[in-house]
Structure formats: structure tokens, C-alpha cells
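Here's a quick tour for anyone opening this structure for the first time. Have a look around, then read on for a few spots to find.

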Amino acid sequence: MAYPGYGAAHGGFPPGQQQQDPLWGYFTAVAGGDGQISADELQRCLTQSGIAGSYRPFGLETCKLMISMLDRDMSGTMGFNEFKELSQVLNGWKTTFSSYDQDRSGTVEGRELQMALTSMGFNLSPQAMNVVMRRYSVGGRIAFDDFISACIKLRALTDQFRRRDTSQNGHAMFQYDDFMQVSMSL
């Protein structure tokens, strides 16, 4: 049986080339026979790959958010191609985080967070920034894991909003049930 996001049959590349990809080893070490990784497997894989660098490993909730961000088939798991895409996104966010963690404390303050998010195209009002800070900061500082969680939620909410903003004017119409599905899926 073939699995979405796994192997050449689903937009991947031939198995010989996958094995040459440095991420393939990390992926297959935890994927098991089904060729998919769950949130707890993703957590182990990201820890083993060292993608968090000197920051503490990703929490399980953050890993669940990562999967939901790229889970196009709504399986609750991630195939190799989704894992590769996640790796690229995470590396970009890690670079951004590092560049705004000016004191190299492993955290960013509100001002640094605002600059980082703006550099990624998220232009949040002061009120929206306050909500992000209240949700993700501890003592006014946001650690890398929480920064990633915030980025995932901002990306997912922005994507959902843009799909509904058909005239691209910054206004969207949501039915209550639609709003709840979007909000609760993150």
C-alpha cells in the first residue's frame, strides 16, 4: 500500500535519491513500517536531528501543531515530503529567531518578537501583539519552542483568513461553525 507524501508515487523522488537526503535517515529511524510519523515520533526525530540546536527540544504540543500545519490529507501524521517541507520552514524560523535574539539568551522579548514577525510578513497591531505575548511569553520572554508555536498558529490563521478574503481587502466572512473548526484545529 502506498502512503501520501511517501515515496515516488506521491510526489517524492525515487527511493535511491531519498536515501541520499540527509533527512531521510532521521525520518526513517522513527517512521516505522507505515512511512508516516506521529507527533511523538516527530518530537523524537526533531530531537535526534538536532534541529532545535542549543534550544530545548520541542514540546509535544508544538509537534502536534507542526503536523497540523502541513497535514494536507488530515491523517494526523506526516510523510517524508511533509517532513522535508517542515524542515525547511523550521530552519527559516530558526534563522529568524536567532537573528532577533540579540542578547543570545535563547528567548526573544516583545520588541524582538514584533521585529521578527514583521520580517516574516506578519504585521500585527499592538493589540494582537499583546495577545501573542500573553499566550506565549513567560516573564515577558518567548522561548524558541513557543516562538515556533506562535509562528505555526499565525501562519495557519493567516492562510485560513486569506482563503476566505476573496476580494483580498482584509475582510473575510466566517460562519460560526467554520470559525470554530479553524480555531480548534490549531
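Let's start inside this predicted model. The buried residues of helix H3 pack against three partners: helix H2 (22-31), helix H4 (60-70) and helix H5 (80-100). From there, the notes below go through H3 itself, a couple of cysteines, one strand residue and the protein as a whole.

**Helix H3**
- H3 spans residues 39-49, and its buried residues are Ala-39, Glu-41, Leu-42, Cys-45 and Leu-46.
- These buried residues cover an arc of only 150 degrees around the axis, so they sit on the same side of H3.
- As background, an α-helix has 3.6 residues a turn, so residues three or four places apart point the same way.
- Just after H3 comes Gly-50, which takes a positive phi of about 75 degrees.

**The cysteines**
- How many disulfides are there? The count comes to zero.
- Cys-45, one of the buried residues of H3, is in no disulfide, and the nearest cysteine sulfur, that of Cys-63, is 9.6 Å away.
- Seen from the other end, the closest cysteine sulfur to that of Cys-63 is in Cys-45, and 9.6 Å is too far for a bond, because a disulfide needs the two sulfur atoms within 2.5 Å.
- Is Cys-45 buried or exposed? With 0% relative accessibility, Cys-45 counts as buried.
- Cys-63 is buried too, with its relative accessible area at 0%.

**Val-108 in strand E1**
- You'll find Val-108 in strand E1, which covers residues 107-109.
- Val-108 has a relative accessible area of 1%, so it counts as buried.
- Which residues does Val-108 touch? Leaving out residues up to four places away in sequence, Val-108 touches Phe-97, Tyr-100, Asp-101, Leu-113, Gly-140, Arg-141 and Ile-142.
- One of those contacts, Ile-142, is 34 residues from Val-108 along the chain, yet the C-alpha atoms of the two are separated by 5.2 Å.

**The whole protein**
- The protein has nine helices and two strands.
- Starting at the N terminus, the elements run α-α-α-α-α-β-α-α-β-α-α.
- Of the 186 residues in the protein, 40% are buried.
- Take the contacts between residues at least 6 apart in sequence: 55% of them join residues at least 24 apart.
- The accessible surface comes to about 10000 Å², and carbon and sulfur atoms account for 54% of that surface.

Terms used
Residues numbered from 1 in each chain as written. Predicted model: local features only at pLDDT ≥ 70, side-chain atom pairs only at ≥ 80, totals over all residues. Heavy atoms only, no water. Buried < 20%, exposed > 50% of the residue type's maximum accessible area, 1.4 Å probe, protein only. Helix = DSSP H or I, 4+ residues; strand = E, 2+ residues; numbered from the N terminus. Arc of directions from axis to C-beta. Contact = heavy atoms within 4.5 Å. Areas by Shrake-Rupley, 256 points an atom, 1.4 Å probe, with all protein chains shown as cover.
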